[in-house]
Amino acid sequence: MRRVAGILALLALAACGGEDRRGLCGVPGLEGERIPDVEGPGVCGIEDPVMVTRVAGVDLSTPTRMTCETASALDVFVRTGAKPVLSSKGGGLERLQVAAGYACRTRNSRPGARVSEHAKGRAIDISAFVLRDGSTLTVEDDWRSANAQTMKRLHGAACGPFGTVLGPESDPFHQDHFHFDVARQRSGPYCR
Ligand SMILES: [Zn+2]
């Protein structure tokens, strides 16, 4: 009996180690935890959600609930877009300032509008990129500043990993943050 218990403990350890190596959602470098399903109300909610805290070594300002599909898109954006774009600025990217994650609401919180991808854990809003030296690039202040080119490269890098990318040039609701979601249009990514 004791031997069986010992083997089971070893197997449990091995399983944990495997999970660590693969990372959350099977993505190496994606950190956080699986959480219980987020239920409603109505059409809102997330099936098999995760609470993401860190992506490819970059912290999220607040643990954020989303689907694994969204977390994987965020990982691609951070690894292939945000980190390389900001590698020579302020010591590199340290943290993403999250303006919104899961939220049971309509698009832009307007009455009668279609339900937002935020209400399904399929979207994340980023308002700023915090660098290792403490300096910050914000969508609100830097989109039309000397850093405009960098901000546009960040916006562009999200286009593809995410199916929908909205920034200050899309509409008045996105002057102070980028909206990223995994909704796919048949005609290709929608990025404004
Ligand atoms: Zn949004």
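Reader: What does the secondary structure of the protein come to?

Author: There are four helices and 11 strands. Keep in mind that this is a predicted model.

Reader: How much of the protein counts as buried?

Author: Of its 192 residues, 43% do. As for contacts with a separation of 6 or more, 55% of them are between residues 24 or more positions apart.

Reader: Let's go to the metal. What makes the arrangement around the zinc ion irregular?

Author: Start with the donors: His 118 gives NE2, Asp 125 gives OD twice, and His 179 gives ND1, at 2.0 to 2.8 Å from the zinc ion. The angles that these four donor atoms subtend run from 52 to 155 degrees. To be tetrahedral, four donors need all angles between 85 and 135 degrees. Square planar needs opposite donors over 155 degrees apart and all others between 65 and 115. An angle of 52 degrees fits neither range, so the arrangement is irregular.

Reader: How are the donor residues of the zinc ion spaced in sequence?

Author: The pattern is H-x6-D-x53-H. Asp 125 in strand 7 and His 179 in strand 10 (residues 178-181) are 54 residues apart, so to speak a link between distant parts of the chain. Both Asp 125 and His 179 are buried.

Reader: And why is His 118 called buried or exposed?

Author: Its relative accessible area is 1%. Buried means under 20%, so His 118 is buried. You'll find His 118 in the loop between strand 6 (93-100) and strand 7. Leaving out residues up to four places away in sequence, His 118 touches a list of residues including Tyr 102, Arg 105, Asp 125 and His 179.

Reader: Now the rings. What makes the pair of Phe 77 and Phe 129 edge-to-face?

Author: Two values settle that. The ring centres are 6.5 Å apart, and the limit for a pair is within 6.5 Å. The planes stand at 65 degrees, and over 60 counts as edge-to-face, so that is the name for this pair. By the same rule the count comes to six aromatic pairs.

Reader: Where in the chain are Phe 77 and Phe 129?

Author: Phe 77 is in helix 2 (residues 68-85) and Phe 129 is in strand 7 (residues 123-131), 52 residues apart. Both are buried. Ring pairs also join Phe 77 and Phe 129 with Trp 143, Phe 162, Phe 178 and Phe 180 in a cluster.

Reader: How do you know that the charged end of Lys 152 sits over the ring of Trp 143?

Author: The charged end of Lys 152 is 4.5 Å from the centre of that ring, and the distance limit is within 6 Å.

Reader: What makes Arg 95 and Glu 94 a salt bridge?

Author: Their side chains meet at 3.9 Å, N to O, and the cut-off is within 4 Å. Arg 132 and Glu 94 meet in a salt bridge too, at 3.8 Å. That second pair links distant parts of the chain, with Arg 132 in the loop between strand 7 and strand 8 (136-138) and Glu 94 in strand 6, 38 residues apart. A search of the whole structure finds eight salt bridges.

Reader: Why does Glu 94 count as partly exposed?

Author: Glu 94 has 27% relative accessibility. Partly exposed runs between under 20% for buried and over 50% for exposed, so Glu 94 fits there. Arg 95 is partly exposed with 28%, and Arg 132 is partly exposed at 48%.

Reader: Which residue forms a salt bridge with Lys 120?

Author: Glu 117 does, with the closest N and O atoms 3.7 Å apart. Salt bridges that share partners join Glu 69, Glu 117, Lys 120 and Arg 122 into one network. Glu 117 has a relative accessible area of 13%, under 20%, so Glu 117 is buried. Lys 120, at 29%, counts as partly exposed.

Reader: One last residue: why is Arg 22 called partly exposed?

Author: Arg 22 has 47% relative accessibility, and exposed would take over 50%, so partly exposed is the right name. Arg 22 is in helix 1 (residues 2-22). Setting aside neighbours within four places in sequence, Arg 22 is in contact with Val 27 and Pro 28.

Key:
Residues numbered from 1 in each chain as written. Predicted model: local features only at pLDDT ≥ 70, side-chain atom pairs only at ≥ 80, totals over all residues. Heavy atoms only, no water. Phe/Tyr/Trp six-rings, centres within 6.5 Å; stacked < 30°, edge-to-face > 60°. Helix = DSSP H or I, 4+ residues; strand = E, 2+ residues; numbered from the N terminus. Buried < 20%, exposed > 50% of the residue type's maximum accessible area, 1.4 Å probe, protein only. Lys NZ or Arg CZ within 6 Å of the ring centre and 35° of its normal. Donors = N, O, S within 2.8 Å, 3.2 Å for Na, K, Ca; no water. Tetrahedral: all angles 85-135°; square planar, octahedral: opposite > 155°, others 65-115°. Contact = heavy atoms within 4.5 Å.
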